[in-house]
Amino acid sequence: SLRSCELMSLLDDSDELAYLWTKVKFIQKYMNKHNCSYEVAEHEFHIWIEGLMDSRIELANKMLNSR
């Protein structure tokens, strides 16, 4: 998606490695817990990470607007 491209362009190599590591661990745990396919787990990961980004952005906006 366009959004994950934007996200990836903001990251340096160590951030990208951390992102990929988090993705792998999330998908492994999700597949084990829910006994589902990689595709299903990957889809859930993207929903989770976008929610995380949204809440971070919202928090940052609140902090900026409170000054």
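What share of the contacts in the protein with a separation of 6 or more comes from residues 24 or more positions apart? Such residues account for 29% of those contacts. The model is a predicted one. The protein contains 3 helices and 0 strands, and its pattern along the sequence is α-α-α. Of its 67 residues, 15% count as buried. About 5600 Å² of the protein is exposed, and carbon and sulfur atoms supply 58% of that area.

**Helix α2**

- Helix α2 runs over residues 13-34 and has 22 residues. From its first C-alpha to its last it reaches 31 Å, close to the 32 Å expected at 1.5 Å a residue.
- The buried residues in α2 are Y19, K23, F26, I27 and Y30. They lie on the same side of α2, because they cover an arc of only 100 degrees around the axis.
- A general point of helix geometry applies here: an α-helix has 3.6 residues a turn, so residues three or four places apart point the same way.
- On the face of α2 turned away from its buried side are the exposed residues D13, L17, W21, K29 and N32.
- Just after α2, N35 has a positive phi of about 50 degrees.

**Nonpolar core**

- The largest nonpolar core is made of 8 residues: Y19, F26, I27, Y30, C36, A41, F45 and I49.
- Helices α2 and α3 each supply at least two residues of this core, and α2 gives the most, with 4 residues.
- In soluble globular proteins, nonpolar side chains tend to be buried together.

**Aromatic pairs**

- The whole structure holds 5 aromatic pairs. In one of them, the ring centres of F26 and F45 are 5.4 Å apart and the planes stand at 65 degrees, so this pair is edge-to-face.
- The pair of F26 and F45 links distant parts of the chain, with F26 in helix α2 and F45 in helix α3 (residues 38-65), 19 residues apart.
- F45 also pairs with W48. This second pair is tilted, at 5.9 Å centre to centre and 45 degrees between the planes.
- Both F45 and W48 lie in helix α3, where they are 3 residues apart, about one turn of the helix.
- How exposed are the two partners, F45 and W48? F45 has a relative accessible area of 0% and is therefore buried, while W48 is at 36% relative accessibility and so counts as partly exposed.
- Ring pairs join Y19, F26, Y30, F45 and W48 into a cluster.

**Contacts of two α2 residues**

- Which residues does Y30 contact, leaving aside its neighbours within four places in sequence? Y30 is in contact with N35, C36, V40, A41 and E44. Y30 is also one of the residues of the largest nonpolar core, as are its contacts C36 and A41.
- K23 is another residue of helix α2. Is K23 buried or exposed? At 15% relative accessibility K23 counts as buried, because the cut-off for that class is under 20%.
- Apart from neighbours within four places in sequence, K23 is in contact with Y38, E42, F45 and H46. F45, one of these contacts of K23, is also the ring partner of F26 and of W48.

Methods:
Residues numbered from 1 in each chain as written. Predicted model: local features only at pLDDT ≥ 70, side-chain atom pairs only at ≥ 80, totals over all residues. Heavy atoms only, no water. Expected span 1.5 Å × (residues − 1). Buried < 20%, exposed > 50% of the residue type's maximum accessible area, 1.4 Å probe, protein only. Arc of directions from axis to C-beta. Phe/Tyr/Trp six-rings, centres within 6.5 Å; stacked < 30°, edge-to-face > 60°. Contact = heavy atoms within 4.5 Å. Areas by Shrake-Rupley, 256 points an atom, 1.4 Å probe, with all protein chains shown as cover. Core = buried A, V, L, I, M, F, W, Y, C linked by side-chain atoms within 4.5 Å.
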